[in-house]
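Reader: I've got a model open and I'd like to know what stands behind the labels. Can we go through a few of them?

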Amino acid sequence: MSAQNDKEPEEVPEGMVRRTRKVRKKRKGKKSAEEGKAQANSLFAKAKDLLVGMEEENEEYGPVDLAEQVRRLKQKKEDDRPLDDIWGTKRRSSSWLWIVLVGMIVSVIAIVIGVTKWLSDDSRQELGSLDLGASVGGQGEQFDLSEGPLGWFHEDSVGVLAEAQDIIARANAASDSAGFAEFVRESPNRGQDELSPELWGSDCLTNATSYFTWLPQVVNSSQGSGNYKRGYLKITGTRVDGNRYEMYFVEIDNKITLDWDATMGWSEMSVAEIAREKPRKEIFLRCQVTKKNTFDQKFGKIKHSGYVISGGLSDEFFLAYVPINTERGKVIDRDLRLLLNYGSFVTDQPPFKNMKATLRVRYNNEVGKEGIFEIVEFLHDGWVSP
């Protein structure tokens with residue numbers, strides 16, 4: 001066999017060419033080597049990332065078992081997922097829940113702070129100073145209650161309120177006029193017989209559920225009455241029968257007293273009696289005042305400013321006029337307009353209605369065809385006399 005293999009190839013006939021087949025040996029290409037190297041590098045990078053992550057999560061770390069490695073690889077894959085893929089997961093939901101809760105808490109705190117500041121500012125305005133711009137004179141003067149007409153209230157408001165509540169309790173229990181005389185402000189006008197439980201009416205409540213409120217105020221008398229000032233305390237609440245009450249307390253000789261006349265609206269004659277009897281003399285009257293343009297009249301050549309004077313009932317009223325052809329009449333009309341905020345250019349607030357005032361009125365039969373009721377004097381705003 002070796003001899004046959006070693007023999008030389010046969011000669012090729014003339015005109016033909018011998019073709020031989022070359023067999024090449026297989027060898028590893030460069031591409032396979034590069035892919036293997038890349039895979040190795042990838043595994044090395046992942047291992048490095050894992051070690052770095054372990055170092056960041058633990059200040060002191062050591063060998064990590066297989067279960068821990070699997071857990072951390074899963075965690076890393078979870079963190080690397082797109083946001084849309086994990087939007088509803090527990091982790092993201094918890095984060096947004098905390099954000100919403102923190103936002104709600106901050107909003108509530110802001111609202112509480114705002115309301116507290118508003119209430120404190122309102123209380124300081126009410127208890128620290130009074131704007132008398134709406135009172136007679138209209139100068140807009142600011143009173144420091146610690147030194148002004150309400151100093152007695154500002155110094156011990158808690159004690160004053162306690163005394164007022166005690167007086168109300170004693171009035172509820174009084175059985176005759178003598179029981180009221182001990183804590184009622186003296187008056188040169190009314191008689192002793194005008195203090196009675198019948199006028200006091202149903203018991204007045206002062207507990208928290210009876211809408212018990214208080215307001216310190218200052219009354220200003222007119223220029224013609226001497227420009228006197230007095231601080232007083234207005235208290236409102238509910239009676240046992242459900243009706244509302246309003247009463248006034250003043251300080252006389254370092255003693256808190258009930259202003260019975262102002263509380264009961266005492267007058268020499270009632271509005272109904274004045275309208276019926278038409279007295280020619282001047283009458284001391286506590287009433288309510290309202291004004292409109294249509295009330296103004298001209299009697300002869302003299303212009304009169306008209307007002308509606310009303311009492312406690314809706315059918316108790318009459319029209320009364322102020323002649324404005326004299327300086328005295330102009331001052332009375334000015335004071336009444338200030339009381340009602342009538343024709344004020346300072347604010348766009350509409351005029352007040354049924355404002356309490358203390359006047360002197362009479363029936364003047366010499367004006368007009370049948371006579372008119374005339375406002376002779378504006379004593380002060382409200383019903384508490386200075």
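Reader: Why does Cys204 count as buried?

Author: A quick note beforehand: this is a predicted model, where local features need pLDDT of at least 70 and side-chain atom pairs count only at pLDDT 80 or more, while totals for chains, interfaces and linings use all residues. Residues are numbered from 1 along each chain as its sequence is written, and side-chain values use heavy atoms, with hydrogens and water left out. Now, buried means under 20% relative accessible area, exposed over 50%, and partly exposed in between (1.4 Å probe, protein chains only). Cys204 has 4% relative accessibility, so Cys204 counts as buried. Cys287, at 1%, is buried too.

Reader: How many disulfides are there?

Author: Zero. A disulfide would take a pair of cysteine sulfur atoms within 2.5 Å.

Reader: What makes Trp152 and Phe153 an edge-to-face pair?

Author: Rings of Phe, Tyr and Trp (its six-membered ring) pair if their centres lie within 6.5 Å; planes under 30 degrees apart are stacked, over 60 edge-to-face, the rest tilted. The structure holds 11 such pairs. For Trp152 and Phe153 the centres are 6.3 Å apart and the planes at 80°, so the pair is edge-to-face. Trp152 is buried at 16%, and Phe153 at 2%.

Reader: And why are Tyr232 and Tyr248 called edge-to-face?

Author: Their ring centres lie 5.8 Å apart with planes at 65°, so that label fits here as well. Tyr232 is buried at 9%, and Tyr248 at 5%.
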